[in-house]
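Visitor: Could you take me through this fold, beginning with its secondary structure and ending with its surface?

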Amino acid sequence: GMLNSGSLDISRSETNNNNSLCNFKHTASGLVNHLHLVGNYLIAGGKGGSVWEWDVTWGGMRLLSRHDSNEVVAMATSGKSVLVGKKSGVLYLLDRVAMHLVCLLDVPSEIYQVGILDESRVIAAYKLDGHSYLTIWHV
């Protein structure tokens, strides 16, 4: 499909107590429902299916996942990784540095929660065939 990245508007303003306020406005149609700040990077995913990364120091943006209409329902981040659960049951781990993606689960399931335990283990809670699972993957 065609990549519809929308555009990004950034505005900065000072508040009364000298705190800097930075507003990000993404004009793509998908609602952002997962936001994580990792260092100077704001990582966002949502109903539009994509995961984006913004550098909050200068506003640069890059697409971290392939664009599809499969909603992001769960997301966890660490310094180098993003773990993403999609509405269709796809669960993948993305190395933000190497831009390498590993699919951990791709079955029709309902993903509830995901987490990154440490550099070598990730976890997800999901329902499959009427049963609930909590699975840890060594990655």
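Visitor: How many helices and how many strands does the secondary structure of the protein chain come to?
Guide: This is a predicted model, and its elements are read here as DSSP runs numbered from the N terminus. Along the sequence the protein chain shows the pattern β-β-β-β-β-β-β-β-β-β-β-β-β, and the count is accordingly zero helices and 13 strands.

Visitor: Over how many bridges do β11 and β12 pair, and in which sense?
Guide: Strand β11 covers residues 110-118 and strand β12 covers residues 121-128, with a hairpin of two residues joining β11 to β12. Within this pair G115 stands opposite I123 in β12. The sense of the pairing is antiparallel, and the number of bridges is seven.

Visitor: Which residue in the turn between β12 and β13 has a positive phi?
Guide: β12 also runs antiparallel to strand β13, residues 131-138, to which eight bridges join it, and in this pairing Y126 stands opposite Y133 in β13. The two strands form a hairpin with two residues between them, and the turn residue with a positive phi, of about 50°, is D129.

Visitor: What share of the accessible surface of the protein chain belongs to carbon and sulfur atoms?
Guide: Taking burial beforehand, 40% of the 139 residues of the protein chain count as buried, where buried means under 20% relative accessible area. The accessible surface of the protein chain comes to about 8,000 Å², and the share belonging to carbon and sulfur atoms is 52%.

How values were computed:
Residues are numbered from 1 along each chain as its sequence is written. This is a predicted model: local features need pLDDT of at least 70, side-chain atom pairs count only at pLDDT 80 or more; totals for chains, interfaces and linings use all residues. Side-chain values use heavy atoms; hydrogens and water are left out. Two strands pair if DSSP finds at least two bridges between them. Helices (H or I, at least four residues) and strands (E, at least two) are DSSP runs, numbered from the N terminus. Buried means under 20% relative accessible area, exposed over 50%, partly exposed in between (1.4 Å probe, protein chains only). Accessible areas come from the Shrake-Rupley method with a 1.4 Å probe; for residues, only the protein chains shown count as cover.
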